[in-house]
Amino acid sequence: MPAAEAAVATESNELGSYEFAFHVLPTVAEGEVAGVFEDLKSLIAKAGGSATSEEAPQRFDLAYEIVKHLEGKNRKFNSAYFGWVRFTLAPEALEGLTEEIEADTRLLRYLIIRLTRVEEENPFNFHEALAKDDKKVTEVNAEEVIKAPQADDAPTEEGEKEAVDEKELDEALKKDEA
C-alpha cells in the first residue's frame, strides 16, 4: 500500500500495524546479513516505529530468477536472504520510512503491507514452516505404494477387467451428446 493510501486508511491518530518483508542480496557476506537486518530495524525506530515481532534473514533458493539492475548492468539472482519485521508506526511516517528503505542498495526487493487484526495476532514464521515442509516425507516403503489404475483396469459389471476400445467410446459419447 503506498504511503499516501496508508495515511488515508487511518483517520485517527492510531498507530498502524505493518509487516516489512525483504530479500537481502546474496552478494552480501553471510556475516554481514545480521548487520543489514539491524540497520533496517533501526530505520523503523528512527521513523518512530516500534518492532513487535521479527524473523531474521536466512538464505534460501528463490522460486524464480529475479533480475535487478546493479552497477550499470542487469544481474540475475536465484537465491537471497529472506527476513521480515512486524512493527507499529504512525501512517504519516510510512512514506519517509519507504524512502529510506528504497535507498538501501543491499536489498534485492522488499514489501511493506498494512496488517489486519487477524494477521497481527497470527504471525507466519517462514523459515520455521520451510523446515517443517522438508520433513514431511522421510521414507516410503515399496509395499505402501498404491498403483494408479490404468484405463484397461476398469471393471465391468460382472467385476471382470475388459479392454476399452477408443473408437467405440468416442461413438458412444457422440450419441450421448446428440
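This briefing describes a pocket, a nonpolar core and two buried residues in the structure above. The model is a predicted one. Its largest pocket holds about 210 Å³ of space, and its largest nonpolar core is made up of 31 residues. Two residues are then taken up individually: Arg86, which is found in strand 3, and Ile66, which is found in strand 2.

**The largest pocket**

- The lining of the largest pocket, which encloses about 210 Å³, consists of 16 residues, and those closest to the pocket's centre are Glu19, Ala21, Phe82, Trp84 and Ile113.
- Two or more lining residues come from each of strand 1 (16-24), strand 3 (73-89) and strand 4 (107-114).
- When the residues of this lining are sorted by character, 10 are nonpolar, 2 are polar and 4 are charged.

**The largest nonpolar core**

- Within the 31 residues of the largest nonpolar core, the members that touch the most other members are Phe20, Phe22, Phe87 and Leu97.
- At least two residues of this core are supplied by each of strand 1, helix 2 (33-46), strand 2 (50-70), strand 3, helix 3 (94-102) and strand 4, and the largest share, 8 residues, is that of strand 3.
- Leu97, leaving aside residues up to four places away in sequence, is in contact with Leu43, Ile44, Ala47, Phe87 and Leu89.

**Arg86, a buried residue in strand 3**

- Arg86 has a relative accessible area of 7%, and it counts as buried because that value is under 20%.
- The side chain of Arg86 comes to 2.4 Å from the backbone oxygen of Glu119.
- Apart from residues up to four places away in sequence, Arg86 touches Tyr18, Glu19, Ser50, Ala51, Thr52, Ser53, Leu115, Glu119, Glu120, Asn122, Pro123 and Phe124; one of these, Glu19, is also among the residues closest to the centre of the largest pocket.

**Ile66, a buried residue in strand 2**

- Ile66 lies in strand 2, and its relative accessibility of 10% places it among buried residues, because the limit for that class is under 20%.
- The contacts of Ile66, again without residues up to four places away in sequence, are with Arg75, Lys76, Phe77, Leu108 and Arg109.
- For one of these partners, Arg109, the separation from Ile66 is 43 residues in sequence, while the distance in space from C-alpha to C-alpha is 9.3 Å.

How values were computed: Residues numbered from 1 in each chain as written. Predicted model: local features only at pLDDT ≥ 70, side-chain atom pairs only at ≥ 80, totals over all residues. Heavy atoms only, no water. 1 Å grid on protein atoms, 1.4 Å probe; cavity = no way out; pocket = protein on both sides within 12 Å on 5 of 7 lines; lining within 4 Å. Points joined across faces, edges and corners; volume = space filled by probe spheres on them. Helix = DSSP H or I, 4+ residues; strand = E, 2+ residues; numbered from the N terminus. Nonpolar A, V, L, I, M, F, W, Y, C, P; charged D, E, K, R; others polar. Core = buried A, V, L, I, M, F, W, Y, C linked by side-chain atoms within 4.5 Å. Buried < 20%, exposed > 50% of the residue type's maximum accessible area, 1.4 Å probe, protein only. Contact = heavy atoms within 4.5 Å. Polar contact = N/O pair within 3.5 Å; in protein donor to acceptor, adjacent residues only side chain to side chain.
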